[in-house]
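Hi everyone, thanks for coming. I'd like to walk you through a structure that is new to most of us, so please have the view open and follow along.

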Amino acid sequence: MMPAFTFSPVSFMFHLFPRAVCLGLLLGTGWLAACQSPTNSNQREQDMQTDLPDSAQNPRPQVTSGPWGRTDGLDVRLYTLTNAAGATVKITNYGAAVTHLLVPDRQGQLADVTLGFDSLVGYQSHPHYFGAIVGRYGNRIAKGKASLYGRPLDLAPNNAPNHLHGGRKGFDKVVWQAAEFTTDSTAGLKLTYASRDGEEGYPGNLQTEVTYTWGPGNSLRIDYQATTDQPTVVNLTNHAYFNLSGQLGNPVLEHQLQINAARFLPVDATLIPTGELKPVQGTPFDFTQPRAIGQAIGQTTDEQIKRGGGYDHCWALDGPANTMRLVATAYEPTSGRMLEVLTTEPGLQFYSGNFLNGKIQGKGGIAYPHRAGFCLETQHYPDSPNRPDFPPTSLRPGETYRSTTVYRFSTR
Ligand code: GLA
């Protein structure tokens with residue numbers, strides 16, 4: 001198992017920001033404030049120059065919640081997390097899914113930038129993992145079979161012929177326990193799920209904890225943690241679909257995407273990595289400089305694009321895993337919205353919504369067209385249990401699985 005991740009907010013901040021800015025921030029505010037976009041920092045300076053009382057300028061972050069249905073004999077709720085800037089994230093404890101993400105454009109207009117549904121039934125009846133936490137093993141394991149410390153792993157081939165995203169009823173289709181919290185600068189939700197030994201074929205009772213923290217600078221931090229009582233495999237991620245235009249009925253092809261990865265993992269015809277870590281240079285997979293998602297997605301002369309039906313691949317991220325680093329940026333030119341992804345994970349599955357086909361009716365009755373959203377799923381490489389040369393995804397009793405990802409929204 002990977003060594004426990006130790007994150008130093010201070011060194012991370014110095015890595016990302018000029019020294020003077022960091023020192024000022026260190027003196028004045030918590031680390032999440034360091035994630036503020038330049039736009040928001042300017043706004044904050046302006047706010048500080050007014051004579052309004054503190055409470056009016058910086059309302060306290062808050063969490064409210066309401067009932068959202070019932071399933072498996074358990075109550076489902078919808079939680080609304082609002083930060084001091086008034087930007088909002090909604091999360092349900094069904095699938096621990098992010099259902100709404102309201103962030104400003106460059107004019108300050110809030111719009112929802114994630115695909116999903118208005119009610120629980122949408123999440124129950126549709127595949128595609130909208131906004132959810134996927135697990136116990138996010139992504140594919142070839143034919144659902146592997147060997148784990150000499151014991152066979154035998155998982156459902158729910159994405160024929162492979163096992164995908166935790167099986168027939170993965171972590172996206174179960175009810176999590178939720179506990180809300182706030183601090184002076186953040187609103188959060190801690191979700192826990194006890195996956196029992198044998199569930200979907202996985203060995204060991206797995207205690208899983210996912211904490212969403214919605215902070216200043218419109219920064220959504222996700223901390224994952226898990227422990228087991230028998231050797232097992234774990235690879236957790238979030239499957240939010242983003243459309244930064246806020247127009248969820250439009251394709252995302254104009255978004256400019258950058259992925260800090262010199263190599264990606266080519267796949268076979270069933271989307272299982274061949275084992276090669278191929279340089280992206282000179283291929284449609286080269287996102288080392290910002291490039292429109294749509295620019296090379298139609299290059300059907302490229303065998304990998306053909307196999308994925310577009311992008312549905314894992315990139316081997318640059319920089320050391322277990323260290324928080326900026327790994328991807330997406331920018332939508334008309335709204336000016338920008339998304340930055342930071343993670344401790346070694347891989348990023350960029351999925352361009354290829355299976356969306358206009359047949360699923362989402363929020364506000366919008367039928368999500370082909371490529372209405374894209375996913376940036378931070379994770380270990382697919383099929384790792386069958387690849388001793390990939391970073392390991394096994395977890396043994398006494399070890400703690402830890403992973404952190406930040407989705408940070410700003411404008412330009
Ligand atoms: C993942 C997979 C895709 C697809 C989507 C859900 O990202 O890699 O192939 O299954 O989930 O539709």
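Let's start with an open sheet of 5 strands, in the order β1-β2-β3-β4-β5, where the pairing is antiparallel. At its edges you find β1 (62-71) and β5 (110-112), and each of these pairs on one side only. If you ignore direction, neighbouring strands in this sheet are turned by 15° against each other on average. Zoom in on one pair: β2 (residues 74-82) and β3 (residues 88-92) run antiparallel and are joined by 5 bridges. Across that pair, Y79 stands opposite I91 in β3.

Please keep in mind that we're looking at a predicted model. Stepping back, the protein chain holds 6 helices and 27 strands. It has 412 residues, and 48% of them are buried. Now take the contacts between residues at least 6 apart in sequence: 66% of those join residues at least 24 apart.

Next, another sheet. This open one has 9 strands, again with antiparallel pairing, and its order is β11-β12-β13-β14-β27-β23-β22-β17-β20. Why is one side of β11 (177-182) and of β20 (291-292) left without a neighbour in the sheet? Both strands stand at the edges and each has a single partner strand, so there is no neighbour on the other side. Further in, β22 (residues 325-332) pairs with β23 (residues 337-343) in the antiparallel sense, over 7 bridges. There you can spot T329 opposite E340 in β23.

Now to a strand I'd like you to highlight: β21 (residues 312-316). How many of its 5 residues are buried? The count is 4, so to speak a mostly covered strand. β21 pairs in the antiparallel sense with β18 (residues 263-265) over 3 bridges, and in β21 the bridge partner of L265 is C314. β21 also runs antiparallel to β24, with 5 bridges joining the two. In that pairing, H313 stands opposite F350 in β24.

That brings us to the ligand. Which residues are around it? They are H128, Y129, L164, L271, D312, Q349, Y351, F355, C375 and E377. Sorted by class, this shell has 6 nonpolar, 2 polar and 2 charged residues. Two strands, β24 (347-351) and β25 (375-379), each supply at least two residues of the shell.

What about the nonpolar core? In soluble globular proteins, nonpolar side chains tend to be buried together. Here, the largest nonpolar core has 103 residues, and those touching the most other members are I259, W315, L348 and F374. The strand that gives the most to this core is β4 (residues 97-104), with 5 residues. Let's click on F374: leaving out residues up to four places away in sequence, F374 touches Y241, F242, V252, H255, I293, F350, Y351, S352 and G353.

One last stop, in a loop. Between β16 (237-238) and β17 (256-259) sits Q247. Is Q247 buried or exposed? Q247 has 17 C-beta neighbours inside 10 Å, and because a residue needs 20 or more to be buried and 12 or fewer to be exposed, Q247 counts as partly exposed. Finally, look across to A111: Q247 and A111 are 136 residues apart in sequence, yet their C-alpha atoms are 8.4 Å apart in space.

That's my tour, and I'm happy to take questions.

Methods
Residues numbered from 1 in each chain as written. Predicted model: local features only at pLDDT ≥ 70, side-chain atom pairs only at ≥ 80, totals over all residues. Near = placed C-beta within 6 Å. Nonpolar A, V, L, I, M, F, W, Y, C, P; charged D, E, K, R; others polar. Pairing = 2+ DSSP bridges. Contact = placed C-beta atoms within 7 Å. Axes fitted to C-alpha atoms, helices over the stretch in contact; angles between N-to-C directions. Core = buried A, V, L, I, M, F, W, Y, C linked by C-beta atoms within 7 Å.
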